[in-house]
Amino acid sequence: SRDAIKKAAGEYDVEVVQSLSLDGASLRGIGTALADCRLLVNLRLSGNQLARIEGLEHLPKLQRLDLSHNRIKRIGTTFVSSLLHVCPSHLAATPPTSPNVNRSS
């Protein structure tokens, strides 16, 4: 929610959030919660329960992304193509535990 984002970022307006850490927040999904964080540069989502990565494709300024220690099973192709501006050395992820990782659009 907007209030949770503002609290985690220490900002009064989600539109100005540039760095956000939601590590270990027991998140199961992202949805549209970050849609208004258009200036977000650094996003940490480590240690959650995320199984699908969706809802990050509208973050044009994103440069650092930490998705490590989640349960990611599906990565949307729209999301993957939106990562072209993220430097690979700034992308943290945990390899899947199963070879049956689904990639879909």
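This passage describes the overall organisation, the salt bridges, the nonpolar core and the loop contacts of a predicted model.

The secondary structure of the protein comprises 2 helices and 7 strands, and these elements follow one another from the N terminus in the order α-β-β-β-β-β-α-β-β. Of the 105 residues in the protein, 30% are buried, and the accessible surface amounts to about 6,500 Å², with 51% of that area belonging to carbon and sulfur atoms. When contacts are restricted to residues at least 6 apart in sequence, 31% of them join residues at least 24 apart. The predictor's confidence averages a pLDDT of 76 over the protein, with 70% of the residues reaching 70 or more. Residues 96-105 have pLDDT under 50 throughout, and for this stretch the model has 12 contacts beyond four places in sequence.

The largest nonpolar core contains 19 residues, of which Leu20, Leu34, Leu43, Leu45, Leu56 and Leu59 touch the most other members. For Leu34, once neighbours within four places in sequence are left aside, the contacts are with Ile5, Leu20, Leu43, Leu56 and Leu59. Among these partners of Leu34, Leu20, Leu43, Leu56 and Leu59 are also listed with the core residues that touch the most other members.

A search of the whole structure for salt bridges returns 2. In one of them, the side chains of Asp23 and Arg44 meet at 2.8 Å, N to O. This pair links distant parts of the chain, since Asp23 is in the loop between strand E1 (19-21) and strand E2 (42-44), whereas Arg44 is in strand E2, 21 residues apart. Both of these residues count as partly exposed, because the relative accessibility is 31% for Asp23 and 33% for Arg44, values that fall between the 20% and 50% limits of the buried and exposed classes. Another salt bridge is formed by the side chains of Asp66 and Arg44, at 3.4 Å, N to O. Asp66 lies in strand E4 (residues 64-66) and Arg44 in strand E2, so this pair ties together parts that are 22 residues apart in sequence. Asp66 is buried, because its relative accessible area of 10% is under the 20% limit. Taken together, Asp23, Arg44 and Asp66 are linked in a network of salt bridges.

Polar contacts also involve residues of the loops, and Asn48 takes part in several of the interactions described here. Asn48 is located in the loop between E2 and strand E3 (52-53), and it counts as buried because its relative accessibility is 2%. A polar atom of the Asn48 side chain lies 2.9 Å from the backbone nitrogen of Ser26, and the side chain of Asn48 also reaches the backbone oxygen of Ser46 at 3.4 Å. When residues up to four places away in sequence are not counted, Asn48 touches Leu22, Asp23, Gly24, Ala25, Ser26, Leu27, His69 and Asn70. This list includes Asp23, the residue whose side chain meets that of Arg44 in a salt bridge.

Ser46, whose backbone oxygen is reached by Asn48, has a further partner in Ser68, the two side chains being joined by a polar contact of 3.1 Å. Ser68 is found in the loop between E4 and strand E5 (74-76), and it is buried, because its relative accessible area is 10%.

Backbone geometry was also examined. Most residues other than glycine have a negative phi. Ser26, by contrast, has a phi near 60°, a positive value in a residue other than glycine, and a phi near 60° is likewise found for His69. Ser26 is placed in the loop between E1 and E2, while His69 is placed in the loop between E4 and E5. Both residues are exposed, because the relative accessible area of Ser26 is 56% and the relative accessibility of His69 is 55%, each over the 50% limit. Ser26 and His69 are both among the residues that Asn48 touches, although Asn48 itself counts as buried.

How values were computed: Residues are numbered from 1 along each chain as its sequence is written. This is a predicted model: local features need pLDDT of at least 70, side-chain atom pairs count only at pLDDT 80 or more; totals for chains, interfaces and linings use all residues. Side-chain values use heavy atoms; hydrogens and water are left out. A salt bridge is a side-chain nitrogen of Lys or Arg within 4 Å of a carboxyl oxygen of Asp or Glu. Helices (H or I, at least four residues) and strands (E, at least two) are DSSP runs, numbered from the N terminus. Buried means under 20% relative accessible area, exposed over 50%, partly exposed in between (1.4 Å probe, protein chains only). Contact means heavy atoms within 4.5 Å. Accessible areas come from the Shrake-Rupley method with a 1.4 Å probe; for residues, only the protein chains shown count as cover. A nonpolar core is a set of buried Ala, Val, Leu, Ile, Met, Phe, Trp, Tyr and Cys residues joined through side-chain atoms within 4.5 Å. A polar contact is a pair of N or O atoms within 3.5 Å; within protein, one must be able to donate a hydrogen and the other to accept it, and residues adjacent in sequence count only if both atoms are side-chain atoms. pLDDT is the predictor's confidence in each residue, from 0 to 100.
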